[in-house]
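Got your viewer open? Load the model, keep the selection box handy, and let's take a walk through it.

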Amino acid sequence: MLTLFKISPLTPLIQSETLELLEWSRLCQHLSTFAATKLGAIASRHLQIPGSQAESEQLLTQTKEVYELESRLTSGLSFEGIQDIGDSLERAELQGILAGDELLAIATTLAGTRNLRRVIDSHEDLTILTDLVAELRTYPEIEQEIHRCIDERGQVADRASPKLGDIRAELRKVRSQITQKLHNIMQVKSNAVQEQIITQRGDRFVIPVKASHKDVIPGIVHDTSTSGVTLYVEPNSVVPMGNQLRQLIRREEVETEAIRRKLTEEVAAVKPDLERLLAIVTTLDLATAKSRYSYWLKANPPRFINRDNRENITLRQLRHPLLVWQNQHEQGHDVIPVDMLVQPEIRVVTITGPNTGGKTVTLKTLALAALMAKVGLFIPAREPVELPWFDLILADIGDEQSLQQSLSTFSGHIRRISRILAALGNGDVGMRGRGDAEIEVGNGDVGTRGRGDAEIDVGNGVDISVSASPDSTLCPSPSSLILLDEVGAGTDPVEGSALAISLLRYLADNALLTMASTHFGELKALKYQDERFENASVEFDETTLSPTYRLLWGIPGRSNALAIARRLGLKAEVVAAAKQEMGGANDEVNEVIAGLEAQRKRQETKAAEAQKLLQQAEKLYKEVSEKATNLEEREKSLKAEQEVAVQQAITQAKGEIAQVIRRLQQGTPTAQNAQQATNALNQISAKFSQKQHSPAKPVGFMPKVGDRIRISKLGQTAEVITVPNEDGELNVRFGIMKMTVKLADIESLDGKKPEPVEKTRGRGDAGKKVPEVVPPVEVPIIRTSKNTVDLRGKRVADSEIIVDKAISEASGAIWIIHGHGTGKLREGVHEFLRQHPRVSRFEAAAQADGGTGVTIAYIY
């Protein structure tokens with residue numbers, strides 16, 4: 001017997017009634033839809049409610065780890081191939097012979113479980129899950145043997161044994177001989193054949209023969225058509241072969257049965273391990289179903305608190321899980337969440353307010369949340385989710401009126417409350433569903449009419465073990481959650497109110513938390529007499545005469561019966577008389593309550609506005625941060641692009657210099673060649689400039705004739721031939737070439753910049769010296785195919801569109817080729833550039849770049 005979970009037969013009847021009142025079975029049914037296997041669905045529908053906090057903590061950890069694991073996997077945890085093989089294992093143990101499809105199901109279950117373990121083992125930080133699958137034995141040798149002997153259709157394969165292969169080869173041969181023989185007969189005796197087909201009756205091959213020609217084809221008649229016109233005849237010449245075929249089929253059956261018996265014996269030998277495998281897989285599937293259901297609910301994991309440590313019960317934006325399902329799947333109304341913040345000293349909460357205001361739903365929501373936490377489910381509430389672990393969760397909700405048992409509404413409530421008090425007094429711990437033991441309730445005591453072991457068979461080879469120790473003892477259970485709906489109702493208001501007060505005071509002493517809904521005004525005053533009591537109310541909109549389903553803490557509610565009656569059309573004098581009967585004191589109380597509600601609404605409105613402003617500020621901060629980050633990234637990108645452009649310019653300049661040097665080295669250099677090379681180098685020097693990243697060089701160097709210096713722009717060293725003149729120019733030589741350079745373009749070999757040359761002023765400033773201003777080094781502007789626009793042959797209007805597009809895409813400068821021609825295109829382009837806001841200046845290109853036929857426009 002596979003034991004998945006246990007149920008105590010000592011469970012009080014009131015606990016089972018509570019589960020029914022809370023519609024716990026509906027929640028379990030919803031949970032089962034998220035299970036991946038049949039056993040997982042069964043376990044979900046018969047969900048165990050643990051009897052200790054340690055078990056609940058273990059189940060919650062399982063759910064958390066599966067939730068984390070599925071968030072890491074792209075397609076979630078897969079249970080593909082895993083099937084319910086419980087019945088097959090039982091029959092194998094009883095020496096039955098398993099069918100091919102049953103053996104195949106066992107093989108796929110072993111393979112699916114092995115894949116499941118492989119996935120979990122790859123996440124070693126999930127310790128609970130890895131420990132759970134560590135005991136799995138998947139027997140790959142049995143799986144391989146089953147796949148070798150059983151094909152994908154569940155049939156025994158020819159390769160299962162050499163003997164079976166020989167038998168089936170002989171079978172195919174005999175069948176072929178029979179069909180060939182029958183074809184020959186039909187061709188020769190075609191007039192006697194009703195139709196040219198070969199069919200079977202049982203395991204015998206026959207042909208359709210006309211009844212009037214039965215003597216033409218003598219043989220055994222195996223069947224007749226409905227009309228009697230056709231006889232299905234096995235010709236005498238084929239009968240021996242048919243007998244041989246039947247013998248071969250029997251031999252095949254014996255051999256396949258032997259193969260399946262051998263495989264079944266291998267399975268039976270490891271049945272305990274396979275049952276353990278099923279239990280582990282079911283546990284994993286149940287944890288996965290809880291995780292997926294919790295994700296669907298947008299729920300959060302709870303934390304069990306200790307009320308003795310003065311921790312608050314915190315359940316913000318708590319939603320009823322069944323109402324959420326109804327809203328999503330059954331087009332129900334929107335679910336209004338409630339907030340429950342209960343201080344550690346509070347033992348009893350009385351909820352007041354009008355009918356249909358949501359008091360009962362609030363009670364059920366809290367109870368279901370406590371049950372969900374106990375079984376390892378997340379709670380549909382906003383984090384943090386904190387509540388105690390309740391030993392008992394008992395409820396008296398709804399009408400217990402019964403004509404059959406001669407029970408009034410009041411009597412029904414009292415009987416159920418008596419069972420609640422009896423359960424508290426006896427303290428039977430563990431709400432686990434209803435077992436087979438009978439429970440007798442009498443005089444407020446709970447007992448049993450029999451103890452022992454029982455089993456509940458849920459089908460599919462899965463049994464649920466029910467056990468109870470004969471030496472069991474009962475102990476008090478103070479950690480209880482009690483829920484009472486309309487406490488004290490159904491009888492005289494004075495007596496009912498007194499009974500309700502007495503009952504709530506008793507529960508304050510004997511239960512951890514009690515929530516009770518009521519219409520009795522006397523219960524509202526208990527808060528001011530005992531610090532363990534708290535008031536709450538459900539909000540009601542008097543304008544629309546409809547509840548808002550919001551739970552208000554600290555304020556007692558009003559029934560609003562007279563206001564509702566007046567708005568529904570009851571005569572004014574009747575309502576006025578009713579008010580007079582109530583007295584002025586009650587009016588004053590209602591006015592105070594109304595004032596408190598109005599004050600609370602104002603505070604909530606201001607809090608909502610403050611929250612809205614905070615969210616807007618956070619959104620604005622996020623947007624500004626993102627823009628700042630984007631600007632920084634853009635700046636870095638532009639700097640990188642400029643650096644690349646500089647490096648490309650340097651590389652191109654060096655390449656052109658190398659070409660000039662190679663031309664000089666070819667043949668005998670002349671003075672004319674040297675002058676051409678000098679001019680070419682000057683053009684290269686004017687075209688390219690090196691971007692400076694290093695800090696300013698030290699000043700104080702003055703070149704003399706014969707000194708070795710470095711030309712910064714060209715990256716070359718040279719020898720000084722003449723000292724600098726008053727314009728700051730000097731002649732240098734490197735190799736066989738001579739050229740004139742400016743002081744600003746050279747530096748000493750140790751990196752020092754030359755001192756500026758002092759120039760002599762004109763006649764009015766004779767003798768005065770002024771330092772030469774060194775022009776700043778600019779980023780090189782390089783002509784490429786991307787920043788060059790050819791307008792030749794275009795009209796002025798078309799050219800303006802092309803130039804405007806080039807300017808919008810350019811940075812630095814663009815080269816505009818317009819040619820000479822009549823000059824109208826050039827004038828039109830220049831006029832357009834003068835008016836364009838992004839053009840800082842423009843000029844004709846150097847002679848080498850096209851001269852006046854090309855205009856260079858510099859872009860902001």
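Select Pro-384 first: this proline sits in strand E10 (residues 382-388), where a strand is a DSSP run of E of at least two residues and a helix a run of H or I of at least four, both numbered from the N terminus. Now look at the bond joining Glu-383 to Pro-384, a cis peptide bond with omega of about -5°. Most peptide bonds are trans, and most residues other than glycine have a negative phi.

Before you go on, some ground rules. You're looking at a predicted model, in which local features need pLDDT of at least 70 and side-chain atom pairs count only at pLDDT 80 or more, while totals for chains, interfaces and linings use all residues. Residues are numbered from 1 along each chain as its sequence is written, and side-chain values use heavy atoms, with hydrogens and water left out.

**Stop: positive phi**

Next, pick Glu-23, in the loop between helix H1 (13-21) and helix H2 (24-32). Its phi is positive, about 60°, although Glu-23 is not a glycine. Glu-23 counts as partly exposed at 29% relative accessibility; buried means under 20% relative accessible area, exposed means over 50%, and partly exposed is in between (1.4 Å probe, protein chains only).

Now jump to Arg-310, in the loop between strand E6 (302-305) and strand E7 (313-318). Here too is a residue other than glycine with a positive phi, near 55°. Arg-310 is exposed, at 57% relative accessibility.

**Stop: charged pairs**

Stay on Arg-310 and add Glu-345 to the selection. Their side chains meet in a salt bridge, at 3.3 Å from N to O. A salt bridge here is a side-chain nitrogen of Lys or Arg within 4 Å of a carboxyl oxygen of Asp or Glu. Arg-310 is in the loop between E6 and E7, and Glu-345 is in the loop between strand E8 (338-342) and strand E9 (348-352), so the pair ties together parts that are 35 residues apart in sequence. Glu-345 is partly exposed, with a relative accessible area of 29%.

How many salt bridges does the structure hold? There are 37 salt bridges. Side chains of opposite charge can pair when their charged atoms come close.

For another one, select Arg-168 and Glu-252, whose side chains form a salt bridge at 2.7 Å, N to O. This pair links distant parts of the chain, with Arg-168 in helix H9 and Glu-252 in helix H10, 84 residues apart. Both Arg-168 and Glu-252 are buried. Add Asp-158 and Arg-172, and you have a network of salt bridges linking Asp-158, Arg-168, Arg-172 and Glu-252.

Then go to Glu-747 and Arg-710, whose side chains meet in a salt bridge at 3.2 Å, N to O. Glu-747 belongs to strand E25 (residues 746-748) and Arg-710 to strand E21 (residues 708-711), so this pair ties together parts that are 37 residues apart in sequence. Glu-747 is buried, with a relative accessible area of 10%, whereas Arg-710 is partly exposed at 26%.

**Stop: a lysine without a partner**

Select Lys-290, in helix H11 (residues 271-297). Which side chain of opposite charge is nearest to Lys-290? That is Glu-55, 10.0 Å away, and Lys-290 is buried yet has no salt bridge. For charge, Lys and Arg count as positive and Asp and Glu as negative, while His and the chain ends are not counted.

Turn to Val-375: the side chain of Lys-290 reaches the backbone oxygen of Val-375 at 2.5 Å. Leaving aside neighbours within four places in sequence, the residues in contact with Lys-290 (heavy atoms within 4.5 Å) include Leu-31, Leu-47, Thr-63 and Gly-376.

**Stop: one face of a helix**

Now select helix H5 (residues 86-93) and colour its buried residues: Gly-86, Ser-88, Leu-89 and Ala-92. Viewed down the axis of H5, they fall within an arc of 165°, so they line one face of the helix; the arc is that of the directions from the helix axis to the C-beta atoms. Show what covers the buried residues of H5, and you'll find helix H6 (100-121), helix H10 (239-269) and H11 included. After H5 comes Gln-95, with a positive phi near 65°.

**Last stop: a loop**

Finish at Glu-152, in the loop between helix H8 (140-149) and helix H9 (162-188). Glu-152 is exposed, at 69% relative accessibility. Draw a line from its C-alpha atom to that of Asp-101, and it spans 8.6 Å, although the two are 51 residues apart along the chain.

Terms used:
Polar contact = N/O pair within 3.5 Å; in protein donor to acceptor, adjacent residues only side chain to side chain.
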